[in-house]
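I set aside this page for what I looked up in the model, strand by strand and contact by contact. The entries follow the order in which I went through them.

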Amino acid sequence: MRGMSPSPEIDCLVIGGGAAGLVAATYLGRYRRRAIVVDAGASRLQRIPRSRNVPGFPQGIAGGELWQRLREQALAFGARIEEGCVDSLAPLEGGFEARAGDRAWRARFVILATGASDVLPELAGLEAGLERGHVRCCPICDAYETAGQRVAVLGRGEHGLAEALFVAHFGNQVTWLSLQSQQAAPPEALARLRERGVRIADRVPRQVRCRDGTFIEVEMEGGEVLAFDVIYPALGLVHACELATRLGAAARADGQLVVDDHMQTTVPGLYAAGDVAVDLNQISVAFGHAAIAATAIHNRL
């Protein structure tokens with residue numbers, strides 16, 4: 001109940017149980033600090049069919065398997081993991097209090113590892129494409145594997161155009177699905193697309209269909225059907241920063257939290273790691289963030 005006494009104070013509360021949160025918990029456990037991870041179960045790791053750019057896995061690893069290994073490692077070194085979605089975070093004397101419904105935790109420090117979520121187009125059939133690996137969200141992670149394939153980048157304006165140029169570097173056949181934003185693009189940017197051999201399809205997609213598990217079709221307004229091996233939505237990310245910004249933490253326009261060299265936000269004692277912090281959205285970067293934040297907290301303790 002809302003009036004119940006909070007749990008005993010802990011050294012660090014980690015909010016979020018994805019790559020950053022679990023690695024932070026492992027470090028804190030190995031530092032013999034009392035750490036609890038509160039996990040809402042929404043890590044983007046679990047949506048990755050297979051990643052081949054995670055250090056140490058040259059043959060690749062499924063995101064769900066990597067998540068399970070990280071979780072087992074954190075538990076092995078003494079971290080506690082509790083299911084829940086933290087809905088409020090407040091400062092108190094010497095630390096913070098977090099609440100998830102009727103539960104409460106008091107901690108001297110907090111690491112916010114709430115990550116981000118991809119903005120996906122509202123297209124029928126998209127979920128099946130994600131499950132089969134035809135729809136991917138991170139060209140930095142896996143555009144290397146698209147050499148010689150038919151690749152679509154679906155996104156408006158400069159962001160979509162820039163991602164189409166990025167993907168075209170990998171020796172593939174790229175189409176920019178510009179969602180009727182081609183006319184607003186600078187002529188010099190369109191010239192760069194032409195130099196790279198990028199095709200532009202300016203009509204709006206209506207639905208996607210997986211075919212025989214080998215490719216995906218995009219039906220456009222007007223009935224035209226385009227076939228691709230991979231589609232990259234390039235509609236941006238929503239960074240889960242609200243717990244920090246409600247406390248006055250500075251953030252960029254896209255919601256990524258501003259941090260210092262030790263991953264501390266502009267709110268003293270509140271740290272951020274992984275996609276929610278300013279930096280490249282990558283698993284290996286999340287690992288580094290977590291190590292830096294956990295070590296900084298250990299040294300302060």
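Entry 1, a strand pair. I began with V218, whose bridge partner in β13 is L226. The strand model here is a predicted one, and I keep that in mind for every entry below. I then looked up how β12 (residues 215-220) and β13 are joined, and found four bridges between the two strands, which run antiparallel. Stepping back to the sheet, I noted three strands in the order β11-β12-β13, forming an open sheet with antiparallel pairing. The edges of this sheet are β11 (205-211) and β13 (225-228), each of which pairs on one side only. Direction ignored, neighbouring strands of the sheet are turned by 25° against each other on average.

Entry 2, charged side chains around that sheet. I looked up R211 and E217 and found that their side chains meet in a salt bridge, with 3.1 Å from N to O. E217 counts as buried because its relative accessibility is 15%, under the 20% cut-off, whereas R211, at 34%, counts as partly exposed. The pair does not stand alone, since salt bridges that share partners join R206, R209, R211, E217 and E219 into one network.

Entry 3, other salt bridges. How many salt bridges does the structure hold? I noted 17. As a reminder to myself, side chains of opposite charge can pair when their charged atoms come close. One of the bridges I followed is that of D39 and R71, at 3.9 Å from N to O. This pair links distant parts of the chain, with D39 in strand β2 (residues 35-39) and R71 in helix α2 (residues 63-76), 32 residues apart. Are the two partners buried or exposed? D39 counts as buried at 9% relative accessibility, and R71 is buried too, with a relative accessible area of 18%.

I then went on to R103 and E82, which form a salt bridge whose closest N and O atoms are 3.8 Å apart. This pair also links distant parts of the chain, R103 lying in strand β6 (residues 103-112) and E82 in strand β3 (residues 80-83), 21 residues apart. Here R103 is partly exposed, with a relative accessible area of 33%, while E82 is buried, with a relative accessible area of 18%.

Entry 4, strand β1 and the nonpolar core. I looked up strand β1 (residues 10-15) and found it mostly covered, with six of its six residues buried. β1 pairs with β6 in the parallel sense over five bridges, and L13 stands opposite V110 in β6. On β2, I counted four bridges joining it to β1, again with the strands running parallel, and the bridge partner of I15 in β2 is V38.

Which residues have the most contacts inside the largest nonpolar core? They are L13 and I111, in a core of 57 residues. Leaving out residues up to four places away in sequence, L13 touches I36, V38, A98, W105, A107, F109, V110 and I111. A second, separate core has 18 residues, including L165, V174, A185 and Y232. For context I wrote down that in soluble globular proteins, nonpolar side chains tend to be buried together.

Entry 5, L22 in helix α1. I found L22 in helix α1 (residues 19-30), where it is buried, with a relative accessible area of 1%. Apart from its neighbours within four places in sequence, L22 is in contact with G17, W67, L70, R71, A74 and I81; R71 is the residue I had already met as the salt-bridge partner of D39. I also noted that L22 and A290, though 268 residues apart in sequence, are 8.3 Å apart in space, C-alpha to C-alpha.

Entry 6, H239. I closed with H239, which lies in strand β15 (residues 237-239) and counts as buried because its relative accessibility is 5%. A polar atom of the side chain of H239 lies 2.8 Å from the backbone oxygen of D254. D254 is also among the residues that H239 touches, and the others, not counting residues up to four places away in sequence, are G115, A116, G255, Q256, D275, V276 and N281.

How values were computed: Residues numbered from 1 in each chain as written. Predicted model: local features only at pLDDT ≥ 70, side-chain atom pairs only at ≥ 80, totals over all residues. Heavy atoms only, no water. Buried < 20%, exposed > 50% of the residue type's maximum accessible area, 1.4 Å probe, protein only. Polar contact = N/O pair within 3.5 Å; in protein donor to acceptor, adjacent residues only side chain to side chain. Contact = heavy atoms within 4.5 Å. Salt bridge = Lys/Arg side-chain N within 4 Å of Asp/Glu carboxyl O. Pairing = 2+ DSSP bridges. Axes fitted to C-alpha atoms, helices over the stretch in contact; angles between N-to-C directions. Core = buried A, V, L, I, M, F, W, Y, C linked by side-chain atoms within 4.5 Å.
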